[in-house]
Amino acid sequence: MYKDIIEFLCDAEVPYIKNELLTRHTTFRIGGAADLFITPKDADSLKDVYDLCKRSGHKVYVLGRGSNVVFSDDGYKGIVISTENLSSVRIEGNTLYAECGASFTQIAVAARDASLAGLEFAYGIPGSVGGAVFMNAGAYGGQVSDCLSQSTAFDPVENKVVLTYGDDHEFGYRTSIYKKNPERIILSAEFELKPGDFDSIKATMDDFMGRRRSKQPLEYPSAGSVFKRPEGHFVGQMVEELGLKGYSVGGAQVSEKHAGFIINKGGATASNVAELIGIIKEKVNKAYNVELECEVIFVQ
Ligand SMILES: Cc1cc2nc3c(=O)[nH]c(=O)nc-3n(C[C@H](O)[C@H](O)[C@H](O)COP(=O)(O)OP(=O)(O)OC[C@H]3O[C@@H](n4cnc5c(N)ncnc54)[C@H](O)[C@@H]3O)c2cc1C
């Protein structure tokens, strides 16, 4: 199986691993093995590998830093392409350019060090630039849509690199044009920032990080907030009022520190998490008539 792909990877010297455990590549530390786990070293190779996988009809999934996904306990019966090696970042004037696999937190640090304001909110979000653009990640009043000026993506259907500018990203709460076109693979992004004062940018970032440390269960594996914020409600508050703080299914537990998080207390499975989510959704719906929607993405 995957003979065509493996031949290509060997010829092009693209790193890959067979039967790679996805617990190693997700912040939840959950998931079985991917048949093939590929880590292209540059954008051309990422594009070529993705294109070949698609054309050969293989099931393929693009993974950033795995901080918003839950892979099945049976693993991924297909190919996972990780962007982890595409991490270059460069700043020209007020523009920060980053490859898709660059750490979202690291680009906030790079902007701060160049005294550029606008990415403070990104500090502490444990995703990649590609994942952040895909999700329109945000925190503490800021989000990707506030400062993303341009992104490039490879579209295997049109077989070309597509440039998307500002509003054309169709951003919404935790969504972007890429969620509507999941075939596209984001290659890079450009953020338009504003000249600022290093000390005040740093103070804002330190404040955000302090708030995360005090409120979020960062000491345990998780995938962040499990649910999207419903209009007019706070998920953590509702879950807490229902007495579900600390409630567990197997190794998956509603965090005692922040009831909007599910943590992996050790040995949690995707089924544990799914069951716990089902219980929370049912109880919240019954008590508050609110239909919770998952922010975390389950991958089969
Ligand atoms: C402790 C913790 C705190 C968090 N805090 C926040 C927060 O404050 N705000 C917030 O918004 N999120 C938060 N998150 C969630 C998560 O970090 C973000 O959603 C992040 O943007 C996901 O990026 P990623 O690279 O990990 O994406 P992944 O989890 O790897 O993937 C998420 C989705 O993006 C797609 N994707 C990834 N890269 C690409 C690409 N190059 N091209 C096309 N599609 C791609 C994947 O296919 C998948 O569908 C938190 C998570 C944790 C664990």
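## Salt bridges, a pocket and a surface patch

The side chains of Glu295 and Arg174 come together in a salt bridge, at 3.7 Å from N to O. This pair joins distant parts of the chain, 121 residues apart. Glu295 sits in the loop between α8 (270–288) and β19 (297–299). Arg174 sits in the loop between β12 and α5 (177–180). Both residues are buried. The model is predicted.

**Other salt bridges**

The count of salt bridges comes to 17. Side chains of opposite charge can pair when their charged atoms come close. Three of the pairs are set out here.

| Pair | N to O distance |
|---|---|
| Glu295 and Arg174 | 3.7 Å |
| Lys257 and Glu219 | 3.5 Å |
| Glu20 and Arg24 | 2.9 Å |

Where do Lys257 and Glu219, which meet in a salt bridge, lie in the chain? Lys257 is in the loop between β17 (252–254) and β18 (261–264). Glu219 is in the loop between α6 (198–215) and β15 (222–225). The pair therefore ties together parts that are 38 residues apart in sequence. Lys257 has a relative accessibility of 35%, so it counts as partly exposed. Glu219 has a relative accessible area of 52%, so it counts as exposed.

Now take the salt bridge of Glu20 with Arg24. Is Glu20 buried or exposed? Glu20 is buried, because its relative accessible area is 6% and the cut-off for buried is under 20%. Arg24 is exposed, with a relative accessible area of 55%.

Salt bridges also form a network. Its members are Asp155, Glu158, Lys160 and Arg184.

**The second largest pocket**

Arg24 appears again here, as one of the residues that line the second largest pocket. Rolling a probe the size of a water molecule over the atoms shows where empty space is left. The second largest pocket has a volume of about 150 Å³. Which residues line this pocket? Arg24, His25, Thr26, Thr27 and Arg29 do, together with Leu63, Gly64, Arg65 and Glu84. By type, the lining divides into 4 charged, 4 polar and 1 nonpolar.

**A nonpolar patch**

Val161, Leu163 and Tyr165 make a nonpolar patch on the surface. The area of this patch is about 260 Å². Val161 belongs to strand β12, residues 160–165. Val161 is partly exposed, with a relative accessible area of 38%. That value passes the 30% needed for a patch residue.

Technical notes. Residues are numbered from 1 along each chain as its sequence is written. This is a predicted model: local features need pLDDT of at least 70, side-chain atom pairs count only at pLDDT 80 or more; totals for chains, interfaces and linings use all residues. Side-chain values use heavy atoms; hydrogens and water are left out. On a 1 Å grid over the protein atoms alone, a cavity is a set of points where a 1.4 Å probe fits but cannot get out, and a pocket is an open set with protein on both sides within 12 Å along at least five of seven lines; lining residues have an atom within 4 Å of a point. Grid points are joined across faces, edges and corners, and a volume is the space filled by probe spheres set on the points. Ala, Val, Leu, Ile, Met, Phe, Trp, Tyr, Cys and Pro count as nonpolar, Asp, Glu, Lys and Arg as charged, and the others, Gly among them, as polar. Patches are made of residues with over 30% relative accessible area and no salt bridge: like charges are joined within 9 Å, nonpolar side chains (Val, Leu, Ile, Met, Phe, Trp, Tyr) within 5 Å. Accessible areas come from the Shrake-Rupley method with a 1.4 Å probe; for residues, only the protein chains shown count as cover. A salt bridge is a side-chain nitrogen of Lys or Arg within 4 Å of a carboxyl oxygen of Asp or Glu. Helices (H or I, at least four residues) and strands (E, at least two) are DSSP runs, numbered from the N terminus. Buried means under 20% relative accessible area, exposed over 50%, partly exposed in between (1.4 Å probe, protein chains only).
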